[in-house]
Amino acid sequence: MRNNKNKPKIADIIISPEGLVELNRILNSGVSHNSKNQAMNEIAGGDCLVCGSLPSKKLIYDVSDDDGEGKLVEHYCDKHLPAI
Ligand SMILES: [Zn+2]
């Protein structure tokens with residue numbers, strides 16, 4: 001088996017209503033860009049790879065090789081989700 005970047009799986013990013021409220025509160029507050037990024041990472045798992053906004057989908061690539069299992073996850077908003 002080669003370590004190709006295979007066709008990824010698409011998964012919805014599920015954010016709880018409480019998480020969304022909390023995230024919006026942080027994003028709309030005056031905290032630093034870093035703090036906003038951190039909140040996005042904690043609550044949504046990351047930000048859109050293209051525009052940095054709240055993602056709605058994630059692509060999970062299997063990058064396993066002889067050394068073991070590996071996964072690469074990319075986050076995208078609706079607008080930037082690439083066609084697969
Ligand atoms: Zn985007």
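In which strand does Ile 10 lie? Ile 10 belongs to strand β1, and this residue offers a convenient point of entry into the chain. The model discussed here is predicted, and the account below moves from the overall layout to the sheet, then to the helices, and finally to individual residues.

The secondary structure of the chain consists of two helices and three strands. Read from the N terminus, these elements follow one another in the order β-α-α-β-β. The two helices thus stand in this sequence between one strand and a pair of strands. Along the principal axes, the C-alpha atoms occupy a box of roughly 50 × 25 × 20 Å. The radius of gyration of the chain is 15 Å, whereas a compact globule of 84 residues would have one near 12 Å. Of the 84 residues, 10% count as buried. The chain also brings distant parts of its sequence together: among contacts between residues at least 6 apart in sequence, 52% join residues at least 24 apart.

The strands may be considered next. Three strands make up an open sheet, in the order β1-β2-β3, with antiparallel pairing. Strands β1 and β3 are the edge strands, each of which pairs on one side only. From one strand to the next, the twist averages 25°.

How many bridges hold each pairing together? Strand β1, residues 9–12, and strand β2, residues 57–62, are paired in the antiparallel sense over four bridges. Within this pairing, Ile 10 has Leu 59 of β2 as its bridge partner. Strand β2 is also joined to strand β3, residues 71–76, by six bridges, and these two strands likewise run antiparallel. Two examples show how the residues face one another across this second pairing. Lys 57 has Tyr 76 of β3 as its bridge partner, and Lys 58 stands opposite His 75 in β3.

The helices form the other part of the picture. Helix α1 covers residues 17–27 and helix α2 covers residues 33–44; their axes come within 9 Å and cross at roughly 170°. Angles over 145 degrees count as roughly antiparallel, and α1 and α2 are therefore roughly antiparallel to each other. On the side of α1, the residues that meet α2 are Gly 19, Glu 22, Leu 23, Ile 26 and Leu 27. Their counterparts in α2 are Ser 35, Lys 36, Ala 39, Met 40, Ile 43 and Ala 44. The residues of this contact divide into seven nonpolar, two polar and two charged.

Individual residues can now be placed within this framework, beginning again with Ile 10 in strand β1. Is Ile 10 buried or exposed? A residue counts as exposed if 12 or fewer other C-beta atoms lie within 10 Å of its own. Ile 10 has 12 C-beta neighbours inside 10 Å, and it therefore counts as exposed. Leaving aside neighbours within four places in sequence, Ile 10 is in contact with Lys 57 and Leu 59. Of these, Leu 59 is also the bridge partner of Ile 10 in β2. Between the C-alpha atoms of Ile 10 and Ala 44, which are 34 residues apart along the chain, the separation is 15 Å.

On strand β3, Glu 74 may serve as a second example. Glu 74 counts as partly exposed because it has 17 C-beta neighbours inside 10 Å. Beyond the neighbours within four places in sequence, Glu 74 is in contact with Leu 49, Lys 58 and Leu 59. Glu 74 and Lys 57 lie 17 residues apart in sequence, and their C-alpha atoms are 8.6 Å apart in space.

Two residues of helix α1 complete the survey. Pro 17 lies in this helix and is exposed, because 7 other C-beta atoms lie within 10 Å. From Pro 17 to Asn 41, the distance in space is 16 Å, C-alpha to C-alpha, while the two residues are 24 apart in sequence. Asn 24 is also found in α1, but Asn 24 is partly exposed, because 13 other C-beta atoms lie within 10 Å. Asn 24 and Tyr 76 are 52 residues apart in sequence, with their C-alpha atoms 18 Å apart in space.

Key:
Residues numbered from 1 in each chain as written. Predicted model: local features only at pLDDT ≥ 70, side-chain atom pairs only at ≥ 80, totals over all residues. Pairing = 2+ DSSP bridges. Axes fitted to C-alpha atoms, helices over the stretch in contact; angles between N-to-C directions. Parallel < 35°, antiparallel > 145°, perpendicular 65-115°, else oblique. Contact = placed C-beta atoms within 7 Å. Nonpolar A, V, L, I, M, F, W, Y, C, P; charged D, E, K, R; others polar. Buried ≥ 20, exposed ≤ 12 C-beta atoms within 10 Å, placed from the backbone. Rg over C-alpha atoms; globule rule 2.2 N^0.38 Å.
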